Amino acid sequence: MRIVVTIKQVPDTNEVRLDPRTGTLIREGVPSIINPEDKNALEAALTLREQLGGEVIAISMGPPQADDALREALAMGVDRAILLTDRAFAGADTWATATTLGMAIQRLGQFDLVLAGRQAIDGDTAQVGPQLAEYLNIPQITYVREFAIQDRQVKATRTLEDGFEVLETALPALLTITKEANKPRYPTAPGIIRAYREQTVEQWGIQEVQGDPEKLGLKGSPTQVKRSFSPPPKEPGEIIQAAPAEAARQLISRMKQRNLL
Amino acid sequence: MDFTFSKEHQLLRRMIREFAQQEVAPLAAEIDLEERVPFETLKKAAQVGLMGVPFPQKYGGAGAGEIGYCILMEELNKVCGATATIIGAHTGIGAMAIYLDGTEEQKQKYLVPLARGEKLAAFALTEANAGSDAAAIQTRAVRDGNEFVLNGSKIWITNGDIADVLTVFAVTDPALGARGGVTAFIVERDFPGFRVGTKETKMGIRGSSTAEIFFEDCRVPAENVLGQFGAGFLTAMKTLDVGRISLGAGCLGGSQAALDMAMDFAKSRYQFGEPIAQKQAIQWMIADMATEIEALRSLVYRTAWMMDSGQTGREFSTMAAMCKVYGSEVLDRCVDKCVQIHGGMGYMKDYPVERMYRDARITRIFEGTNEIQRQVIATNLFRKVGLRLR
């Protein structure tokens, strides 16, 4: 089994605090971590390797600092780590990101399975996994909480809002993994030391992925951020203080006033 | 000068903090109440390589050095003094003695499984009549062919009843005294004549085990002499020197936890219509705690850096003693202020503050009392100016 896991380095939102005066995020000093559900994808890949043998390759697109996320993946036990970093990749939206990852995965040659986290805690789009599957032209199963592989077929249980769905498809395929799938292992202490002192993170730029600059980064992004803003705070609710029958009457009349009934 | 931790040490701290919060903290109150060694936690710690953090990877360790080991002790002591004590006695002194003075064969045979956490270690020096006066030990070792026969007893040995491998100090030549007359031995719990006595009930660190051990014609192979024959006292002192840095690091973690809890409480406890953090009396306590903690942090990690960069002379020994004295006394002041800020809540067993207060007290006593540490510091200082203290 050759398994590719796509990971993203994100700010640890547990550590993000609001400035009490301005109400904006304090980004300074916030540690960067591997996106939590990408860790679930890594865990799934490592468990699968333990069962079936093979190789796990972690791949990430990001600035040079994303090297730390890949070192952590090495410390968890992946065999190979590749960082896609180039000025030409900067400013990418989800489609250009998926394109870059897709080109890099094609450069790796043969693969059996691509695992991605369901979504990143900073963007929350859940788009890169599906777009990557489209780019690679392979089947995809999203929101996977459980899966098994037999005879080059993958059978996966998806978490949906109102239940579960079991799907089956042939390899190679892409799955996006949810946090319910497993408890990610800790990187080990000796693994951490080796990851920094002995192992290497391969750095691939536009030359290595053999990409068309028009399809990558800001230029290759069909969507663009026009403006970022904080939503206005919600108005406080109102409690109708009255005996139940009277409160219900008041509530109904208010709802009628607002054309809700 | 550069005070930043390396990338690997930063990730190691993040991983250990997560491990401590998820695996160690949830059991802290329970093991204290039940006086139970958390073997399940030790097993998990072994799986992620936390039982041999300072030792090179070729000996089964993590290869993270003394700085890495101090990070471990700091983070563990933030959540559980008892668990930290078990791992500290195992790694910091028990296995450390074998790392510092063992032969290559001894390291392969004993250090590797200890560092991997497959086996547990203890360090056995203290006796009923040899506490601060460690040179007064009476356990005897007499040569008999290819073996030594040990007789005597040790008290208050952390992990004494649960260790597989013990570093034991015994008199081999009473005429020579401490310098030349004491030898260190590696003793396995299965050696004939080794016996465990009473397990102590303690004020704090109750989840760690403290026991009496006996040697009754205990036969130890001559190849298990650790270090030079007759130089056991040096092995003990050298090991304890190193142990004092990580002990200081543990105190740093406990102090930081006390400060964090005190601030959380001061922020959320309202009296006279405002958080008590608005009171100058509280602010000054917080400011004093934070200041001492930063001073301790610098002292501990500078000393750990000295060890990792091979600067282990007399100045190192002085600094290590300072880590122990200052660390334990900063901790003492911090947990005391933390209880005071919490008021009645700090005295109740429902809150971890009460346990932290009890756990802290031992640090001024064990691994060389603070009084002995001060004597070490003063002796080293005066020696530099040409005066030999009695």
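Among the contacts in chain A between residues at least 6 apart in sequence, 69% join residues at least 24 apart. The model in which these contacts are counted is a predicted one. Chain A holds 7 helices and 13 strands, and its C-alpha trace spans about 70 × 45 × 40 Å along the principal axes. Of its 261 residues, 41% count as buried.

Many of the strands belong to one sheet. Chain A has an open sheet of 9 strands, ordered β11-β10-β9-β12-β8-β1-β6-β7-β13, with mixed pairing. The edges are taken by β11 (163-170) and β13 (202-204) of chain A; each has a single partner strand, so one side of each is left without a neighbour in the sheet. On average, and with direction ignored, neighbouring strands of this sheet are turned by 30° against each other. Strands of a sheet pair through backbone hydrogen bonds, in either a parallel or an antiparallel sense. Within the chain A sheet, β1 (residues 2-6) and β6 (residues 55-61) run parallel and are joined by 5 bridges. In this part of the sheet, A:R2 stands opposite A:E55 in β6(A).

Two helices can be placed against these strands. Helix α2 (residues 67-76) of chain A lies across β6 and β7 (80-84) of chain A, and runs at about 170° to β7(A). Helix α3 (residues 94-107) of chain A lies across β1, β6, β7, β8 (113-117) and β13 of chain A, at about 145° to β6(A).

Residues of both chains appear in the largest nonpolar core, which has 187 residues; those with the most contacts inside the core are A:A58, A:A73, A:L115 and B:F185. Helix α8 (residues 232-268) of chain B supplies the largest share of this core, 15 residues. What is A:L115 in contact with, leaving aside its neighbours within four places in sequence? The partners of A:L115 are A:I3, A:V5, A:A41, A:A44, A:A45, A:L175 and A:I177.

The surroundings of B:F185 lead into chain B. Strand β5 (residues 182-188) of chain B is mostly covered, with 6 of its 7 residues buried. β5(B) pairs with strand β4 (residues 165-171) of chain B in the antiparallel sense over 7 bridges, and B:V187 in β5(B) is the bridge partner of B:L166. β5(B) also pairs with strand β8 (residues 225-226) of chain B, again in the antiparallel sense, over 2 bridges. There, B:L226 in β8(B) is the bridge partner of B:A184.

At a broader level, chain B is divided into domain 1 (7-120), domain 2 (122-230) and domain 3 (233-384). The centres of domain 1 and domain 2 of chain B, taken over C-alpha atoms, are separated by 22 Å. Between these two domains of chain B, 24 residues of domain 1 are in contact with 20 residues of domain 2. On the domain 1 side, the elements that give two or more residues are α2 (28-34), α5 (81-101) and α6 (104-115) of chain B. α5(B) gives the most to that side, with 12 residues. By residue type, the domain 1 side divides into 12 nonpolar, 7 polar and 5 charged residues.

The remaining topic is the contact between the chains. Here 15 residues of chain B are in contact with 13 residues of chain A. The chain B side that touches chain A is made up of 9 nonpolar, 3 polar and 3 charged residues.

Key
Residues are numbered from 1 along each chain as its sequence is written. Chains are lettered from A and ligands numbered from 1 in the order in which they are written. This is a predicted model: local features need pLDDT of at least 70, side-chain atom pairs count only at pLDDT 80 or more; totals for chains, interfaces and linings use all residues. Two residues are in contact if their C-beta atoms, placed from the backbone, lie within 7 Å. Ala, Val, Leu, Ile, Met, Phe, Trp, Tyr, Cys and Pro count as nonpolar, Asp, Glu, Lys and Arg as charged, and the others, Gly among them, as polar. Domain bounds come from an automatic or database domain assignment. Helices (H or I, at least four residues) and strands (E, at least two) are DSSP runs, numbered from the N terminus. Two strands pair if DSSP finds at least two bridges between them. Axes are lines fitted to C-alpha atoms, for helices over the stretch in contact, and angles run from 0 to 180 degrees between N-to-C directions. A nonpolar core is a set of buried Ala, Val, Leu, Ile, Met, Phe, Trp, Tyr and Cys residues joined through C-beta atoms within 7 Å. A residue is buried if 20 or more other C-beta atoms lie within 10 Å of its own, exposed if 12 or fewer, and partly exposed in between; C-beta atoms are placed from the backbone.
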